[in-house]
Amino acid sequence: MTGTFTAPRLAMLLAVVTLSVVLAWFSWPRPDTVIRVTRGGVAMVTDAYGRSAPLGDTVYVGGGGSRRTIRVVNEDTVKHQLAMFNIPAGEQTEYTVPPGTFGGACSAHPSGKHLTFVIR
């Protein structure tokens, strides 16, 4: 009979779909790091693997290639300065930066007013 799925065919179809989803997830272009400033000025950092943590004194940015992409999302109602990044209220911007160490003032930093980026 044609058109029916047997257990081996269904397993093969499921394997192909799963592999396609995994390949799309890992190959989809995304920034190396995302910094999200929520309302009230609290910032979270998310790496390329989707792991999130509160904004610390130093943000380590890794990735591939000669430059790294950092996306800054400001969901707050005021403009924020995150070291060398200046992001207006309600805006989202991507920055491409070379390897190095950069620092500056930070208006969304919980424990101080200085933030350092280490771009690897």
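**Figure 1. Val 45 stands opposite Ala 53 in strand β3.** This view, like those that follow, is taken from a predicted model. The facing residues Val 45 and Ala 53 belong to the region where β2 and β3 pair in the antiparallel sense, over three bridges. Four residues lie between the two strands of this hairpin, and in it Gly 50 adopts a positive phi near 90°. Strands of a sheet pair through backbone hydrogen bonds, and the pairing may be either parallel or antiparallel.

**Figure 2. Strands β1 and β2 form a hairpin with five residues between the strands.** Strand β2 covers residues 43-47, and β1 and β2 pair in the antiparallel sense over five bridges. Within this pairing, Met 44 in β2 is the bridge partner of Arg 36. Gly 40 of the hairpin has a positive phi near 100°.

**Figure 3. Thr 33 is a buried residue of strand β1.** Strand β1 consists of residues 33-37. How accessible is Thr 33? The relative accessibility of Thr 33 is 3%, and residues under 20% are classed as buried, so Thr 33 counts as buried. When residues up to four places away in sequence are set aside, Thr 33 touches Val 45, Thr 46, Val 59, Tyr 60, Val 61, Thr 69, Ile 70 and Arg 71.

**Figure 4. Strands β1 and β5 pair in the parallel sense.** Five bridges join β1 and β5. One facing pair in this view is Val 37 and Asn 74, the latter in β5. Strand β5 is mostly covered, since five of its seven residues are buried.

**Figure 5. Strand β5 also pairs with β8, in the antiparallel sense.** Strand β5 spans residues 68-74, and six bridges connect it to β8. Two pairs of facing residues may be followed here. Arg 68 stands opposite Val 97 in β8, and Ile 70 stands opposite Tyr 95 in β8.

**Figure 6. Five strands make an open sheet in the order β3-β2-β1-β5-β8.** The pairing in this sheet is mixed. Which strands stand at the edges of the sheet? They are β3, residues 52-54, and β8, residues 92-97; each has a single partner strand, so one side of each is left without a neighbour in the sheet. From one strand to the next, the twist averages 20°.

**Figure 7. Ala 83 has a positive phi although it is not a glycine.** The phi value of Ala 83 is near 60°. This residue is located in the loop between β6, residues 80-82, and β7, residues 85-87. Is Ala 83 buried or exposed? At a relative accessibility of 6%, Ala 83 counts as buried.

**Figure 8. The side chains of Ser 107 and His 80 are joined by a polar contact of 2.7 Å.** Ser 107 is found in the loop between β9, residues 100-105, and β10, residues 114-119. Its relative accessible area is 34%, and Ser 107 is partly exposed. With its neighbours within four places in sequence left aside, Ser 107 is in contact with Lys 79, His 80, Gln 81 and Lys 113. Ile 87 is 20 residues from Ser 107 along the chain, and the C-alpha atoms of these two residues are separated by 11 Å.

**Figure 9. The setting of the close-up views is a chain with one helix and 10 strands.** Along the sequence, these elements follow the pattern α-β-β-β-β-β-β-β-β-β-β. The C-alpha trace spans about 70 × 30 × 20 Å along its principal axes. The radius of gyration of the chain is 20 Å, whereas a compact globule of 120 residues would have one near 14 Å. Buried residues account for 29% of the 120 residues. The accessible surface of the chain is about 7,600 Å², and 62% of this surface belongs to carbon and sulfur atoms. Of the contacts with a separation of 6 or more, 50% are between residues 24 or more positions apart.

Notes: Residues numbered from 1 in each chain as written. Predicted model: local features only at pLDDT ≥ 70, side-chain atom pairs only at ≥ 80, totals over all residues. Heavy atoms only, no water. Buried < 20%, exposed > 50% of the residue type's maximum accessible area, 1.4 Å probe, protein only. Contact = heavy atoms within 4.5 Å. Pairing = 2+ DSSP bridges. Axes fitted to C-alpha atoms, helices over the stretch in contact; angles between N-to-C directions. Rg over C-alpha atoms; globule rule 2.2 N^0.38 Å. Areas by Shrake-Rupley, 256 points an atom, 1.4 Å probe, with all protein chains shown as cover. Polar contact = N/O pair within 3.5 Å; in protein donor to acceptor, adjacent residues only side chain to side chain.
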